[in-house]
Amino acid sequence: MHLIIQASGADAAVVSHLLAKNPGNIYDRTDKGVRVRMVYTRATSSETEVLIHAEPDPVDLVRGSPDGYDITQYINDREFVTSSLFCSYIRSALGTALNGKPKEEYAKWVDHPFDLQLSFGPVASDLPDRVVEELFSHLGYAVTLEREELSYSFDLKKKSSVRRIILRGQETVQNALRQLFLLIPVLDNYKHYFISEDEIDKIKRYGDGWLETHPHKELIVRRTLRFAELIRKYESKEGTLSIPDNKLLSAEEVEEGRDSLAKASIDRSTEVPRGVQTSVQTDVITDDPPVRLNELRYRAITEVVARLPHRQRIVDMGAGEGKLSARLATIAGVESILAVEPSGQSRLRAMERFAKLEGRHGVVAMPEPIIGSLFYFDEQLQHQDVMILCEVIEHIEAYRLDGIMSTLLQEYQPEVLIVTTPNKEYNEVYAMEQESFRHHDHRFEWTRNELAERCAEWSADTNYTYTIQGIGEHVEGYGQPTQMIIFERREEGQQ
């Protein structure tokens with residue numbers, strides 16, 4: 001992770017004084033396992049170029065974390081990408097420039113705009129190129145995005161979401177650094193520290209003079225503060241923010257439905273023939289708070305389960321932290337719920353969630369967290385009434401799905417199998433890039449026709465019929481953001 005600052009012009013040499021670092025010396029500090037170096041690769045009267053590089057210890061990055069016993073904690077990009085971690089590492093080295101407090105004889109240069117080129121990266125961002133460019137172009141920069149060529153031996157995706165960003169324009173050193181310190185975490189959409197009211201002060205300090213008029217202010221504030229309570233406090237101090245444009249939000253934010261104004265309901269009176277696609281109807285509301293897409297999924301699934309004639313025994317495959325299982329525990333007639341999850345940390349959180357259900361009014365069955373995976377056969381999962389895979393299959397390589405679906409429909413044989421997965425066509429509504437996925441771990445996302453074709457293949461030569469429904473706000477030509485398939489087993493001899 002690095003940042004390169006280049007200044008050119010008659011006064012370029014002054015930049016070293018604003019950074020308070022002598023070009024003749026190498027700045028090399030190690031603090032809390034992180035090595036930060038600043039090296040001047042060019043220092044003349046008309047050109048200054050300084051490289052700022054941070055090198056954290058990957059073990060220290062996860063030491064003491066809740067996942068300390070899980071080896072998968074080491075599989076991440078935090079050691080390499082330019083993120084909020086990088087900003088925190090280099091803040092002390094750039095403190096003088098950020099605060100605009102150089103030696104007195106150079107104070108007059110704090111407000112002087114220089115011809116700057118700022119290069120930083122790699123940045124792992126879920127934002128489309130268009131939005132990344134606009135975040136900086138509205139500040140007066142010419143923006144260049146560079147990607148490494150991909151050389152996968154298998155069909156994963158056409159281009160990387162990791163980019164190197166180069167900015168060129170006239171700006172003061174202080175403003176340029178403050179803009180980067182606020183916008184780099186917005187790009188990465190990751191915070192390594194507890195987000196408190198201090199973030200509001202940071203927004204005001206680093207955004208002074210440019211954020212108020214930035215057309216993407218809403219996006220910047222929401223991705224910086226994250227939590228509704230902090231956003232409300234910011235709004236109360238600064239005035240109400242404009243209504244968010246869902247085309248400016250990240251894929252994950254839109255996927256969670258933070259800007260959705262839809263409520264889901266299912267028409268219980270209509271029977272749908274095999275293979276016909278239907279929709280979960282949505283009613284747009286203007287006075288209630290936004291409903292997340294995840295919430296709409298849970299509502300749709302529990303609605304389906306609640307009206308099934310056989311729902312005593314349920315399996316929630318890929319249960320995660322148990323949010324859906326906890327919902328299912330309140331459905332009348334349910335007697336057992338197996339919350340199957342391979343991740344130890346997620347199971348622990350699910351156990352904590354389930355413990356809070358003890359004695360609660362309306363809870364009819366306590367979910368049981370068990371270790372398990374779709375890749376390993378477990379005879380206790382056979383012949384259950386309902387099996388649910390909520391946003392699971394898209395995390396599996398597509399070529400492995402035929403075998404998994406064969407196991408589900410021919411070996412486990414639940415009375416009803418419910419599967420939800422993203423609708424790829426809807427990504428265009430979110431202004432996502434063509435080859436982008438809604439989550440970094442998705443291995444595929446299918447259109448409505450692609451899913452219908454696969455369902456027909458999976459159900460062939462089985463005793464199952466299926467229907468496909470949509471969940472979330474409907475957009476003409478694109479459908480709804482989530483697709484839900486309901487496989488129902490027929491009795492022997494039944495047509």
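Thr447 touches Asn423, Lys424, Glu425 and Gln483, leaving aside residues up to four places away in sequence. In this predicted model, Thr447 sits in the loop between strand 15 (416–422) and helix 15 (448–459). Its relative accessibility is 19%, so Thr447 counts as buried, the cut-off being under 20%.

**Overall make-up**

The protein has 15 helices and 17 strands. Of its 495 residues, 48% are buried. Among contacts with a separation of 6 or more, 73% are between residues 24 or more positions apart.

**Backbone geometry**

Most residues other than glycine have a negative phi, and most peptide bonds are trans. The table lists two residues other than glycine with a positive phi.

| Residue | Phi | Loop | Relative accessible area |
|---|---|---|---|
| Gln413 | near 50° | between helix 14 (398–412) and strand 15 | 25% |
| Asp461 | near 60° | between helix 15 and strand 16 (464–471) | 81% |

Gln413 is partly exposed because its relative accessible area is 25%, between the limits of 20% and 50%. Asp461 counts as exposed because its relative accessibility is 81%, and exposed means over 50%. The peptide bond from Gly121 to Pro122 is cis, with omega near -5°. Pro122 belongs to strand 5 (residues 114–124).

**Helix 7 and helix 8**

Two packed helices are described by the angle between their axes and the distance between the axes. For helix 7 (residues 198–206) and helix 8 (residues 217–225), the axes come within 10 Å and cross at roughly 150°. The crossing is right-handed. On the helix 7 side, the residues in contact are Glu199, Ile200 and Ile203, and they meet Val221, Thr224 and Leu225 of helix 8. By class, this contact has four nonpolar residues, one polar and one charged.

**Internal cavity**

Rolling a probe the size of a water molecule over the atoms shows where empty space is left. A search of the whole structure finds one cavity of 30 Å³ or more. The largest cavity has a volume of about 60 Å³. Its lining consists of Leu18, Thr96, Ala97, Gly100, Lys101, Pro102, Trp109, Val110, Val173 and Gln174. Helix 4 (95–99) and helix 6 (173–188) each supply at least two residues of this lining. By class, the lining has six nonpolar, three polar and one charged residues.

Technical notes. Residues numbered from 1 in each chain as written. Predicted model: local features only at pLDDT ≥ 70, side-chain atom pairs only at ≥ 80, totals over all residues. Heavy atoms only, no water. Axes fitted to C-alpha atoms, helices over the stretch in contact; angles between N-to-C directions. Helix = DSSP H or I, 4+ residues; strand = E, 2+ residues; numbered from the N terminus. Left-handed = near helix turned anticlockwise from the far one by under 90°. Contact = heavy atoms within 4.5 Å. Nonpolar A, V, L, I, M, F, W, Y, C, P; charged D, E, K, R; others polar. 1 Å grid on protein atoms, 1.4 Å probe; cavity = no way out; pocket = protein on both sides within 12 Å on 5 of 7 lines; lining within 4 Å. Points joined across faces, edges and corners; volume = space filled by probe spheres on them. Buried < 20%, exposed > 50% of the residue type's maximum accessible area, 1.4 Å probe, protein only.
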